[in-house]
Amino acid sequence: MAAGDGDPGARHPLVRVHNFSVSLDGFGVGQGQSLEAPFGHAGHRLLQWALPTRTFQDMGFHGDQEVTVGVDEAFANRWNTGIGAEIMGRNKFSPSRGPWADETWRGWWGDNPPFHTPVVVLTHHPRPTLQMDGGTTFHFVDAEPAAALAAARELAGDLDVRIGGGASTIRQFLEADLIDQMHIVVVPIILGRGERLWDGVEGLEERFHIESTSSPSGVIHLSFRRRRTRAPRTTSGV
């Protein structure tokens, strides 16, 4: 019996966010994203905690740092476990806006992206499905969060769906109350401008249990887990 078919012991597929970094003032990307500056004026400052981890090194983010396997790696390496599909915004896939000038752009990650699953790309300008090496397939859809999630669930089977970003995409799924678990990394920098994550989603603590873990790298890992709805207590004395 598949999860969600009425078996009380079955595990229901979750909607998850992993390894998403924000500045102290809540920006998930800087202003001025372009081909030369994928994260806008933020550069790689939001990812400095992640780049040395074994997980990010294995994904091809090579540098001259020594590989780390501590607190940051413990969080980073959860990103792909049990994931069957990802949903991402247009500007995580591409620096361009509006109609596609052409369809030669195939993402930031080369011919073998690190996802290895179907990926639903949210865009007002759909284009044909893009099959990549390593099992990644990009599906371009114009859909609201609930419809996009339904499409991703079909692609994911019994596995979880990851909301990959950027900030506006995660915020839309939070506003629609469609996220079950979330890992947000608070980086000790001030960006001042860009795309903010938290605008319009006040009161998240009422929907989620929130735990924080400090790292020697200086970041704080915030873990959000959806609160379970408890059955009302009886007054019968039983």
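Q: Why is serine 21 called buried in this predicted model?
A: The relative accessible area of serine 21 is 6%. Buried means under 20%, and 6% falls under that limit, so serine 21 is classed as buried. The residue has its place in strand β1.

Q: What makes the link between serine 21 and tryptophan 49 a polar contact?
A: The side chains of serine 21 and tryptophan 49 are joined at 2.8 Å. The cut-off for such a pair of N or O atoms is 3.5 Å, and 2.8 Å is within it, so the pair qualifies. Serine 21 also has a side-chain polar atom lying 3.0 Å from the backbone oxygen of leucine 46; this value, too, is within 3.5 Å.

Q: Which residues is serine 21 in contact with, leaving aside its neighbours within four places in sequence?
A: They are Phe27, Gly28, Leu46, Leu47, Trp49, Val185 and Val187.

Q: Why is strand β7 described as largely enclosed by the rest of the structure?
A: Six of the six residues of β7 are buried, and the strand is therefore largely enclosed.

Q: How do you know that β7 pairs with β1 and with β3?
A: Two strands pair if there are at least two bridges between them. β1 and β7 share two bridges, which meets that requirement, and they run in the parallel sense. β3 and β7, also parallel, share five bridges. In the pairing with β1, arginine 16 stands opposite arginine 162 of β7; in the pairing with β3, isoleucine 83 stands opposite aspartate 160 of β7.

Q: What makes β5 and β6 a pair, and in which sense do they run?
A: Two bridges join strand β5 (residues 130-131) to β6, in the antiparallel sense. At least two are required, so these strands count as paired. Glutamine 131 has threonine 137 of β6 as its bridge partner. The two strands form a hairpin with five residues between them, and glycine 134 in the turn has a positive phi of about 80°. Strand β6 (residues 137-141) is also joined by five bridges to strand β4 (residues 118-122), which runs parallel to it. There, leucine 122 stands opposite valine 141.

Q: Why is the link between lysine 92 and glutamate 86 called a salt bridge?
A: The closest N and O atoms of lysine 92 and glutamate 86 are 2.9 Å apart. The limit is 4 Å, and 2.9 Å is within it, so the pair is a salt bridge. By this rule the count comes to eight salt bridges.

Q: How are the two partners, lysine 92 and glutamate 86, classed as buried, partly exposed or exposed?
A: Lysine 92 has a relative accessible area of 24%, which is neither under 20% nor over 50%, so it is partly exposed. Glutamate 86, with 1%, is under 20% and is therefore buried.

Q: What makes the pair of glutamate 195 and arginine 171 a tie between parts of the chain?
A: Their closest N and O atoms are 3.0 Å apart, within the 4 Å limit for a salt bridge. Glutamate 195 lies in strand β9 (residues 195-196) and arginine 171 in helix α5 (residues 167-175), so the salt bridge ties together parts that are 24 residues apart in sequence. Arginine 171, at 15%, is buried, whereas glutamate 195, at 29%, counts as partly exposed.

Q: Why are aspartate 199 and arginine 196 called partly exposed?
A: Aspartate 199 has a relative accessibility of 39% and arginine 196 an area of 27%. Both values lie between 20% and 50%, so both residues are partly exposed. Their side chains meet in a salt bridge at 2.7 Å, N to O.

Q: Which residues of the largest nonpolar core touch the most other members?
A: Of its 29 residues, these are Ile87, Ile163, Ile170, Phe173, Ile179, Met182 and Ile184. Elements that each supply at least two residues of this core include β1, β3, β7 and α5. A second, separate core of 14 residues includes Ala42, Trp49, Leu51 and Val187.

Q: Which residues of α5 are buried?
A: They are Ala167, Thr169, Ile170, Arg171, Phe173 and Leu174. The helix is followed by aspartate 177, whose phi is positive, near 55°.

Q: How confident is the prediction along the chain?
A: The average pLDDT is 91, and 90% of the residues score at least 70. Over residues 1-5, however, pLDDT stays under 50. Residues 231-238 are also below 50, and this stretch has zero contacts in the model beyond near neighbours in sequence.

Methods. Residues numbered from 1 in each chain as written. Heavy atoms only, no water. Helix = DSSP H or I, 4+ residues; strand = E, 2+ residues; numbered from the N terminus. Buried < 20%, exposed > 50% of the residue type's maximum accessible area, 1.4 Å probe, protein only. Core = buried A, V, L, I, M, F, W, Y, C linked by side-chain atoms within 4.5 Å. Polar contact = N/O pair within 3.5 Å; in protein donor to acceptor, adjacent residues only side chain to side chain. Contact = heavy atoms within 4.5 Å. pLDDT = per-residue confidence, 0-100.
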